Every structure is written in structure tokens, then in C-alpha cells.
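Colleague: Please give me a close look at one part of this model, with the cut-offs spelled out as you go. I'd enjoy a connected walk through the side chains and the strand pairing.

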Amino acid sequence: MASFLVPLLADAQSFARCGKSYQVGPNPTAIALADLNDDGYPDIVTANTGAMGDPRQERPANDEVSVLMSSTSLEYEAVPPVRTDFAPYAVTIANVDALKAPDIIVASFMAVHHHDLALFRNMGANVFEPHYFKVPDEKLPYNRMLNSSHEPVFTTPGLTSVVLGDFNKDSLRDAVATGWSSDLIVFFPGTVDTFFGEPRFLPAEGGPRDIKAADFDGDGNLDLAAVLYCTNEVGLWKGDGQGGFEPATQFRTRGSLPNKLAIADINRDGHLDIIVSHCHTDDSIVIFYGSKDFDFALSQEIALGKKRDVLEQEVRDILVADLDRDQRLDIAAACRTAAQVIVLINESTTETPPLAFRTETYAFDGARPCALAAGDFNRDDALDLAVALSSENRVEILAGKPRMQRESEPKPKPARDTGKKGKN
């Protein structure tokens with residue numbers, strides 16, 4: 001596998017802390033945006049995991065998801081939170097039923113009450129109707145960490161990520177989730193009456209932690225990509241268009257403990273790329289460039305820390321979007337230990353890797369960024385970032401500067417060429 005390790009260019013600023021933040025539940029670990037009330041502004045939903053403890057306790061973790069509804073530009077009101085099972089770990093928003101409004105879907109890690117997947121139908125007027133879906137206990141055994149007594153740390157394991165799509169081409173939304181501690185991918189087929197049917201299971205050895213769906217081979221069927229947290233790999237499965245999946249390929253991620261991934265054509269060559277971040281032992285983001293069907297032989301590593309053997313950043317989340325509206329895709333990373341968000345602005349003028357990025361750093365005064373989402377919160381045609389701060393139980397907005405404002409600012413000097421070569 002050919003690879004690059006390239007230096008980042010000098011700092012500049014495309015965003016500003018605007019002083020707007022909103023209280024949410026304990027330890028928000030995931031965030032999603034959508035216009036839930038049809039007023040033209042994105043609303044904010046956070047999965048608040050809380051502190052995970054012994055599942056035999058009465059409340060082993062938090063069991064609520066915060067919903068912030070927009071009232072006007074950058075103004076939000078909290079509506080009564082929706083009740084999930086314990087340790088809601090992932091959240092996404094999509095229109096699941098026949099109603100017009102988008103709905104909220106949540107995956108829980110400590111599903112003591114067997115509400116592994118929760119659907120909250122958006123009925124309007126800030127009313128969300130709950131529907132719960134179970135994975136049989138025997139299908140989610142705990143295969144990971146043991147305590148000092150050699151017993152599983154979490155005796156009630158569950159799901160760590162969820163993605164929606166029409167995988168079997170019946171015009172209904174299906175859900176696919178990962179059982180990290182059980183080496184399992186779970187497929188919930190969409191149904192007309194119950195919204196999701198009985199789950200089906202796909203083995204995924206290596207600890208699937210985060211999952212995304214895309215058509216990697218151009219056959220019109222959605223495929224799957226997941227980071228395998230315990231074996232430091234990316235796994236891909238080819239979809240057959242009927243809700244079935246077959247292993248396509250696996251490859252190493254060039255780092256330890258991959259925890260998040262994004263799918264996008266970041267170098268604009270017509271092929272989907274896979275962007276992976278690492279957590280806990282490694283501060284790197286790696287771009288795997290797609291070239292043809294499930295082929296990702298070329299990669300580029302972006303090291304956010306200065307030392308390989310020191311955890312400086314702890315990247316908890318990444319997103320890929322055109323953050324500065326210049327028709328090139330950029331990367332943002334939520335760095336918990338460093339208490340900052342790092343934005344990598346794509347300044348490449350060619351589709352040939354490696355791409356050139358300018359790094360921007362936004363400090364949060366000791367607060368711990370854990371999750372990111374992008375949207376235009378004030379309708380100024382600049383993309384803003386919603387940052388979930390786990391240590392302070394709030395969401396803060398990084399306001400994007402409109403393009404004309406950015407172009408009027410002085411340009412940073414380019415970084416000096418160190419003469420160092422990429423590492424293979």
C-alpha cells in the first residue's frame with residue numbers, strides 16, 4: 001500500500017467562537033442536526049451517555065437524549081428529552097415513516113431494558129412518539145474487557161453506531177448498527193407497520209465501532225464500511241441490493257484503535273474515499289483514496305500530535321464537509337484531551353494525492369469536545385460547527401465566516417518546506 005505523511009500548512013481562521021452555547025444532558029457523545037420543526041433552521045439532538053457503571057445498578061448510565069429546537073437565528077429552547085435505554089451512544093436523524101418530518105434514531109450501549117434501538121417519530125409540536133427494538137441477548141455477548149475478577153465489565157453490551165438507508169430497495173428505511181463488543185453488525189429491515197422488523201446479523205470480527213454506508217463499486221447498491229477498533233482495520237462489505245452483505249476487503253488503518261470514519265470523494269476524482277480517525281493511543285487521521293471497486297491502496301496520514309508515543313489530542317469525532325464553501329472538502333476533528341477542535345482546510349489544486357491542508361485550531365478553555373456536526377445556524381450561507389462538550393454538558397457553536405469576510409483578511413505565510421520525505 002503506497003502511503004504519504006505530509007506536513008500541515010500554517011494556521012489561519014475560518015471560524016470564530018460566537019459565545020453561543022446550549023445546555024444538554026450528561027456527557028454528550030454524539031450529535032445530529034436536522035430541521036425538525038420546519039422553520040428553516042437546524043435543530044440539535046445529542047445522545048447523552050452519562051457515566052457508565054454497573055448494569056445491575058438502578059441507573060447504570062444516563063437514559064435521555066436532548067432535543068434543542070430553534071426559535072430563531074442561534075437561539076434554542078430545550079424540549080422535554082426523549083427517553084432511551086441506558087447509555088445512548090449514537091444518534092442519527094432521517095425520515096422513517098410516512099410523515100413529512102424527520103425522525104430521531106438512537107442506538108444504546110447498555111440496553112438493560114432491551115431497547116437497543118429506539119425510534120422517535122416526529123409527530124410535530126415537539127412531540128416524539130417512541131418505538132423500541134430489541135436484539136436478543138444471546139446475539140450480543142460481551143467479548144471485550146474483563147475486570148479484576150475476570151468478569152465482563154459490561155454484562156449488558158449493546159450498540160455503538162447506527163446508519164440508515166434503503167439497503168433492499170423496497171423504498172423503506174433500514175437501519176444498520178454495530179455491536180462493537182460482540183463482533184457483530186445488526187441489520188434492521190424497514191417495515192410499513194412496525195417501522196423496523198426483526199434484526200438479522202452479520203459477523204464482523206475485530207470490534208466494529210463505527211459504520212457508514214455508500215455505493216463503493218457503482219452497482220447501485222449500498223455497501224458498508226466499518227472501523228474495526230480492536231484489530232486496527234477497516235472492513236468493507238458488498239451489498240446485494242436485497243439486504244444481504246458479503247465481505248469485500250479489510251486493510252490496516254496505519255494507526256491504533258480506529259474509532260470514527262467518514263466517506264467522501266475528498267480529492268474529487270470520482271471515487272469515494274475513506275477517512276479514519278484514531279483514539280486513545282494515536283492522534284492521526286488517515287485518508288484512504290479509492291481508485292476502483294473496494295480498492296484503497298493509496299493512503300495519506302495526517303498526524304495531529306507532535307509525538308507518536310504521547311496522546312496529545314484524543315480525536316473523538318471527525319466530519320468531512322466543504323467548511324469554507326470553496327468546492328473542496330475539508331476535515332474537522334473533535335479533540336477531547338487537547339480541549340480543542342482542529343479544522344483541516346483543503347487547499348489542494350489537484351486531485352492527485354497527497355492533498356495539502358491548512359490547519360486551524362480552536363481552543364475551548366479546558367472543555368472537552370467529543371462530537372461534531374455542521375450546519376448553517378444563522379442563514380448567512382457560511383457553514384457553522386456544533387461542538388458537543390462532554391465535560392460541561394453543553395453544545396457550543398463555532399460560527400463560520402462568510403467567504404467575502406475571509407477573503408478580506410490577510411493571508412497566512414506558507415509553511416517552510418522542511419525537506420522531509422513521506423513515510424512508507
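Modeller: Happily! The side chains of R358 and E347 are joined by a polar contact of 2.3 Å (a pair of N or O atoms within 3.5 Å; within protein, one must be able to donate a hydrogen and the other to accept it, and residues adjacent in sequence count only if both atoms are side-chain atoms). This is a predicted model, where local features need pLDDT of at least 70 and side-chain atom pairs pLDDT 80 or more, while totals for chains, interfaces and linings use all residues. Residues are numbered from 1 along each chain as its sequence is written, and side-chain values use heavy atoms, leaving out hydrogens and water.

R358 also has a polar contact of 2.5 Å with the side chain of E360. R358 belongs to strand 26, residues 357-363 (strands are DSSP E runs of at least two residues, helices H or I runs of at least four, numbered from the N terminus). With a relative accessible area of 10%, R358 is buried (under 20%; exposed is over 50%, partly exposed in between, with a 1.4 Å probe and protein chains only).

Burial also marks strand 13, residues 184-188, where 5 of 5 residues are buried. In a regular strand, side chains alternate between the two faces of the sheet. Here L184, V186 and F188 lie on one side, I185 and F187 on the other, and all are buried.

Strand 13 runs antiparallel to strand 12 (residues 174-179), joined by 5 bridges, and antiparallel to strand 14 (residues 200-203), joined by 4; pairing takes at least two DSSP bridges. L184 is the bridge partner of G179 and is also partnered by P203 in strand 14. Between strands 12 and 13, the hairpin has 4 residues, and D183 takes a positive phi near 55°.
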